[in-house]
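Dear colleague,

I am passing on the model we spoke about, with the sequence and the coordinates placed just below. My notes on what turned up in it follow, and I would be glad if you read them with the structure open.

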Amino acid sequence: MKAMIFAAGFGTRLKPFTLSHPKALCPVNNIPLLERNILYLQSFGIKDFVINVHYFADQIRDFLKQKDYFGCNIEISDETDAILETGGGLLKARPFLENETFVLMNVDILTDLNLDLMLKQHQEKKALVTLAASDRSSSRKLLFDDLGRLCGWRNTSDQDQKIVRESDEYNPLAFSGVHIIEPELFSLFRQEGKFSIIETYLDLAPEQKIFSFDHTGGILVDVGKPESVIEAEKWFK
């Protein structure tokens, strides 16, 4: 498979580091997030990457060059003119990804998720998209039925929710920022420009097979704040 890493964001919650650096280069035990996730994906045999860039894009380009691109084929999806969020960013990268199943992940997610098991389930269920998710504290949850199919979204702080598929029960899980996607998704996009990929998933969920991969109990740190860097350093040496 190929993999795309979202690395274009501003990382405003990681200030002061992100006042002069991209979030992707935030170090955890002296190893930048981007490097950690390239090595993580390489451990599952992935050698072809797409990385989108916007904020301090030149620093990311220079870093990859200094690391000799980690011995991989790395393409840059350039969003320096305008940041496109997750949906628009993925759509812009379509020319690099439209020929095979691929992994998509956020650069600020550190996890011990077993991608081989996630891919196995994805293939067995003949899913269009599989979303890593777990039962953990979060103000935003995706809702799945008892078979793991996406049904909606809920804000746990104010109980606002959106249901797109009816079910007798809904299993709320926090999305982990890792997707496995079939390239057929590109032909189904109804949005364009700047938008969230979650909007697309909810739009397509009534007809398309979008499943969860529940990795509850595994390690996952969303390195979005300075205090989460400290937490990540406990787990990722």
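In which helix does Asn 37 lie? Before the answer, please keep in mind that this is a predicted model. Asn 37 belongs to helix H1, and because its relative accessibility is 1%, below the 20% under which a residue is called buried, Asn 37 counts as buried. Apart from neighbours within four places in sequence, Asn 37 is in contact with Ile 5 and also with Met 105, Asn 106, Val 107, Ile 109 and Leu 110.

The surroundings of H1 lead on to the nonpolar cores. The largest nonpolar core has 41 residues, and those that touch the most other members are Ile 5, Leu 34, Ile 38, Leu 41, Phe 49, Ile 51 and Leu 64. Several elements each supply at least two residues of this core, among them strand E1 (2-6), helix H1 (33-42), strand E4 (48-53) and helix H2 (57-66), together with helix H5 (115-124) and helix H7 (226-235) from further along the chain. The largest share, 5 residues, comes from H1. A second core, separate from this one, is made of 28 residues and includes Phe 6, Leu 97, Phe 102 and Leu 204. In soluble globular proteins, nonpolar side chains tend to be buried together.

Within the largest core, Ile 51 is a useful residue to centre the view on: when residues up to four places away in sequence are not counted, Ile 51 touches Ile 5, Ala 7, Leu 34, Ile 38, Leu 64, Ile 74, Glu 75, Ile 76 and Ser 77. One of these partners, Ile 74, lies in strand E5 and, at 12% relative accessibility, counts as buried. Ile 74 is itself in contact with Ile 38, Phe 49, Ile 51, Leu 64 and Tyr 69, its neighbours within four places in sequence being left aside.

How do H1 and H2 pack against each other, and at what angle? Their axes are 11 Å apart and meet at an angle of about 50°, so the two helices are oblique to each other, and H1 passes H2 in a right-handed crossing. On the H1 side the contact is made by Leu 34, Glu 35 and Ile 38, which meet Ile 60, Phe 63 and Leu 64 in H2; by class, this contact has 5 nonpolar residues, no polar ones and 1 charged.

Strand E5 (residues 73-78) also holds Asp 78, which is partly exposed, with a relative accessible area of 33%. Beyond its neighbours within four places in sequence, Asp 78 is in contact with Val 53, Arg 61 and Lys 92.

Finally, some points of backbone geometry deserve a look. Most residues other than glycine have a negative phi, and most peptide bonds are trans. The peptide bond from Lys 15 to Pro 16, however, is cis, with omega near 10°, and Pro 16 is found in the loop between E1 and strand E2 (27-28). Phi is positive at Asn 29, near 50°, and at Phe 70, near 55°. Asn 29 lies in the loop between E2 and strand E3 (31-32) and is partly exposed, with a relative accessible area of 27%, whereas Phe 70, in the loop between H2 and E5, counts as buried at 15% relative accessibility.

With best regards

Definitions and conventions. Residues are numbered from 1 along each chain as its sequence is written. This is a predicted model: local features need pLDDT of at least 70, side-chain atom pairs count only at pLDDT 80 or more; totals for chains, interfaces and linings use all residues. Side-chain values use heavy atoms; hydrogens and water are left out. A nonpolar core is a set of buried Ala, Val, Leu, Ile, Met, Phe, Trp, Tyr and Cys residues joined through side-chain atoms within 4.5 Å. Buried means under 20% relative accessible area, exposed over 50%, partly exposed in between (1.4 Å probe, protein chains only). Helices (H or I, at least four residues) and strands (E, at least two) are DSSP runs, numbered from the N terminus. Contact means heavy atoms within 4.5 Å. Axes are lines fitted to C-alpha atoms, for helices over the stretch in contact, and angles run from 0 to 180 degrees between N-to-C directions. Angles under 35 degrees count as roughly parallel, over 145 as roughly antiparallel, 65 to 115 as roughly perpendicular and the rest as oblique. A crossing is left-handed if the near helix is turned anticlockwise from the far one by less than a right angle, and right-handed if clockwise. Ala, Val, Leu, Ile, Met, Phe, Trp, Tyr, Cys and Pro count as nonpolar, Asp, Glu, Lys and Arg as charged, and the others, Gly among them, as polar.
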